[in-house]
Amino acid sequence: MKKMIYILAATLGLCCMDCRSMMAQELQVQESVVREQEHVTKPSKAGGLKTKTLSQNQVKLSWKKSAGASAYKVYKRYPGSKYKLVHATTKTSCVIPIRTDRTYRFMVVPYVKKNDKTVKGQADTIVYRLNRVTISAAGDCTFGSDSRYNQKFISMYDSQKDPAYFLRKVKPIFETDDVTIVNFEGTLTNANDRAIKKFTFKGREEFVQILKTGSVEVVNMANNHTYDYKQVGFEDTVRVLKKNNIPYCIDPTIAYKQVDGTRVAFLGYNALGSNATKEKIKSGIQKAKKDGADLIVVSFHWGIEGDHYPTNLQKDFGHYAIDQGADLVLGHHPHVLQGVEQYKDSYIVYSLGNFCFGGNSNPSDKDTMIYRQSFYVDNNGKKLDDSKARIIPCSLSGHTGYNDFQPCPLGGSAKKTLLERIRRFSSGMHVTIDEKGMIN
């Protein structure tokens, strides 16, 4: 009997042990399942972050798919601010609003969310900026005169005793752009050995202050008066410009200006006679590109004096320069205004006329203008097609009966009349000019 009891007790004990073992195994399995449910794999880095400018106020961000990520958070910051969440998406791209002339840093963070738990992967960042580069261009500036005819510009300079007088009325326009360029037609020299020609212009070295006080940053010297006092006069003028940190362009010299990371190149060609060729134009533009230019402006001295319409050569060279990569073409020499043409996505301003012009004490046509264009270039060198161009009608003098050498913006009926003239000169050139001077 006792033996049977012992056997029964042992059997019951084994059964209890088996039950305890089974329960322990089940508990281990349950704990393992819970651990598996709680464990979330960390997503890989959201690499390959890129930007693409869509417009003046939008940029598209795109990146590679992150392994293990279910969504992405996009942050942005700019100098003086902290990172701010601006977008959350399950896609690998998004469009973000921006402002021009502001440097942004974007950050994309991949993440996965499971069972109310969020695990983030390594972020990727990128710097982005969209620059607005505004260029103003004006026509012929001759600081001085030909002493065989008159000395009125020099007399005006001496009577005013202030170089700021000459560009005072247009300085508010020039100082609000990034770069102002004019056609510098003449010399700054004490040389007396003049070239044998009808007009030879020179002024004193101190006249360079007219450019500086008037907020002019670049000059084109590729014209038919650069060597009025031969090589000595040219070298004197270059020396004065360099001393005053004013870049100049004349083939093969290229002027460069840096605008918040955007590199602007200015090239100049005298297309009168055989001085300019397509080979030289192509070579100059290629050099500017090789030097890292984001924007290329080409000035030509061309056309027929007194003629309001471009010649076939002007059209041919203007189109060719744009075909080679110029973003804007500017023209001089006719001493009067000519039209504006849109060719492909760029503009050709065939003649800007006279501006601050000491070469004539009383021009019969005093109409002139300032051409102003804003370009939008991102930090990858991409240019937007929707650049803004405008004509600002001016007179080269504040008086109708003589030249006071002080160009001034026009208003009212005078402005309206001049815009109508430019529309007529631009007929058939694929542009429209509204009442405010905006070019479309």
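This report walks through a predicted model, starting with one strand and its neighbours and moving on to a pocket, charged pairs and some unusual backbone spots.

## Strand β13 and its partners

A good place to begin is strand β13, which covers residues 262-270. Eight of its nine residues are buried, so the strand is largely enclosed by the rest of the structure.

On one side of the story is strand β12, residues 255-259, which is joined to β13 by five bridges. These two strands run antiparallel. If you would like a landmark for this pairing, look for V259, which stands opposite T262 in β13. The two strands form a hairpin with two residues between them, and in this hairpin D260 takes a positive phi near 50°.

Strand β13 also pairs with strand β14, residues 295-301, through seven bridges. Here the strands run parallel. V264 stands opposite L295 in β14, which gives you a second landmark. To get from β13 to β14, the chain passes through helix α6, residues 278-290, and this β-α-β crossover is right-handed.

As background for viewing these strands, side chains in a regular strand alternate between the two faces of the sheet.

## The largest pocket

Next comes open space. Rolling a probe the size of a water molecule over the atoms shows where empty space is left. The largest pocket holds about 330 Å³ of space. It is lined by 16 residues, and those closest to its centre are E305, H335, N354, F357 and N360. What is the chemical character of the lining of the largest pocket, counted as nonpolar, polar and charged residues? Six of the lining residues are nonpolar, seven are polar and three are charged.

## Charged pairs

Side chains of opposite charge can pair when their charged atoms come close. In this model the count comes to 18 salt bridges. The table shows some of them, with the distance between the closest N and O atoms.

| Acidic residue | Basic residue | Closest N and O atoms |
|---|---|---|
| D101 | R132 | 3.8 Å |
| D158 | R204 | 2.5 Å |
| D162 | R168 | 2.7 Å |

The salt bridge between D101 and R132 links distant parts of the chain, 31 residues apart. D101 sits in the loop between β5 (93-97) and β6 (103-114), while R132 belongs to strand β8, residues 124-142. D101 is partly exposed at 31% relative accessibility, and R132 is partly exposed with a relative accessible area of 36%.

Where do the two partners of the D158 and R204 pair lie? D158 is in helix α2 (residues 152-160) and R204 is in the loop between β9 (179-184) and α4 (208-213), so the pair ties together parts that are 46 residues apart in sequence. D158 has 37% relative accessibility and counts as partly exposed. R204, at 27%, counts as partly exposed.

In the D162 and R168 pair, D162 is partly exposed with a relative accessible area of 26%. Its partner R168 counts as partly exposed at 42% relative accessibility.

Salt bridges also link D146, R148 and R194 in a network.

## Backbone spots worth a look

A cis peptide bond joins D251 and P252, with omega about 10°. P252 is found in the loop between β11 (248-249) and β12.

Two loop residues deserve a visit for their phi angles. S215 has a positive phi near 65° and is a residue other than glycine. You will find S215 in the loop between α4 and β10 (218-220). Is S215 buried or exposed? At 14% relative accessibility, S215 falls under the 20% cut-off and therefore counts as buried.

K344 is not a glycine, yet its phi is positive at about 55°. K344 lies in the loop between β16 (340-343) and β17 (346-349). With a relative accessible area of 53%, K344 is exposed.

## A long span

Finally, consider K42, in the loop between α1 (2-38) and β1 (50-55). K42 counts as exposed at 56% relative accessibility. How far is the C-alpha atom of K42 from that of F201? The two atoms are separated by 75 Å, and the residues are 159 apart along the chain.

Notes
Residues are numbered from 1 along each chain as its sequence is written. This is a predicted model: local features need pLDDT of at least 70, side-chain atom pairs count only at pLDDT 80 or more; totals for chains, interfaces and linings use all residues. Side-chain values use heavy atoms; hydrogens and water are left out. Buried means under 20% relative accessible area, exposed over 50%, partly exposed in between (1.4 Å probe, protein chains only). Helices (H or I, at least four residues) and strands (E, at least two) are DSSP runs, numbered from the N terminus. Two strands pair if DSSP finds at least two bridges between them. A crossover is right-handed if, with the strands pointing away from the viewer, the path from the first strand over the helix to the second runs clockwise. On a 1 Å grid over the protein atoms alone, a cavity is a set of points where a 1.4 Å probe fits but cannot get out, and a pocket is an open set with protein on both sides within 12 Å along at least five of seven lines; lining residues have an atom within 4 Å of a point. Grid points are joined across faces, edges and corners, and a volume is the space filled by probe spheres set on the points. Ala, Val, Leu, Ile, Met, Phe, Trp, Tyr, Cys and Pro count as nonpolar, Asp, Glu, Lys and Arg as charged, and the others, Gly among them, as polar. A salt bridge is a side-chain nitrogen of Lys or Arg within 4 Å of a carboxyl oxygen of Asp or Glu.
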